[in-house]
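Student: I am new to this structure and would like to look closely at a single part of it. Could you take me through that part step by step?

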Amino acid sequence: MYTLAGLWTQARANLDVTTVIYNNGAYDILRLELQRVGAENAPGPKARELLNLTCPAIDFVKLAEGMGVPGRRVNTAEEFADALQAGFATPGPHLIEAVVPSMLG
């Protein structure tokens, strides 16, 4: 979310860049920070809600397309391999949103 403008730059300059976003639906860096301070087992409902990025869900494919970069969402390793191969084989920028399981319970 912090670097969406980079997609616009890729489109504007027609760069041969394939961007991969591993989407686990969570702000997992905060979960890691909770672990580092020994609080991973104690977050309350509000804290856990802040770690979840699914309400509303972020549609990275649509965001990429809005910046002029074609995007594709994949859910399996096979789909990922196909999308990566297509991205490398086709000139210009591409985005792959790889949906992966969340570590949040």
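Student: Which side chains meet in a salt bridge at 3.1 Å, N to O?

Tutor: Please keep in mind from the start that this is a predicted model. The salt bridge you ask about is formed by the side chains of R73 and E97, at 3.1 Å from N to O. Since R73 lies in strand 2 and E97 in strand 3, the pair ties together parts that are 24 residues apart in sequence. E97 is buried, because its relative accessible area is 2% and buried means under 20%. R73, by contrast, counts as partly exposed, at 37% relative accessibility.

The structure holds two salt bridges, and R73 takes part in the other one as well, where its side chain meets that of D59 at 2.6 Å, N to O. This second pair also links distant parts of the chain, with R73 in strand 2, which covers residues 71-74, and D59 in the loop between helix 3 (45-51) and helix 4, 14 residues apart. D59 is partly exposed, with a relative accessible area of 25%. As the salt bridges share a partner, D59, R73 and E97 are joined into one network. In general, side chains of opposite charge can pair when their charged atoms come close.

The elements around this network also bear on helix 1, for what covers the buried residues of helix 1 includes strand 1 (18-23), helix 4 (60-66) and strand 3 (94-99). The residues buried in helix 1 are L4, L7 and Q10. Seen down the axis of helix 1, the buried residues fall within an arc of 105°, so they line one face of the helix. An α-helix has 3.6 residues a turn, so residues three or four places apart point the same way. On the other side of helix 1, A5 and R12 are exposed, and just after the helix N14 takes a positive phi of about 50°.

Strand 1, named above as part of that cover, leads to a contact of another kind, since the structure holds one aromatic pair. The rings of Y22 and F80 have their centres 6.2 Å apart and their planes at 40°, so the pair is tilted. Y22 belongs to strand 1 and F80 to helix 5 (residues 77-89), so that this pair, too, links distant parts of the chain, 58 residues apart. Y22 itself is exposed, with a relative accessible area of 56%.

Terms used
Residues are numbered from 1 along each chain as its sequence is written. This is a predicted model: local features need pLDDT of at least 70, side-chain atom pairs count only at pLDDT 80 or more; totals for chains, interfaces and linings use all residues. Side-chain values use heavy atoms; hydrogens and water are left out. Buried means under 20% relative accessible area, exposed over 50%, partly exposed in between (1.4 Å probe, protein chains only). Helices (H or I, at least four residues) and strands (E, at least two) are DSSP runs, numbered from the N terminus. The arc is that of the directions from the helix axis to the C-beta atoms. Contact means heavy atoms within 4.5 Å. Rings of Phe, Tyr and Trp (its six-membered ring) pair if their centres lie within 6.5 Å; planes under 30 degrees apart count as stacked, over 60 as edge-to-face and the rest as tilted. A salt bridge is a side-chain nitrogen of Lys or Arg within 4 Å of a carboxyl oxygen of Asp or Glu.
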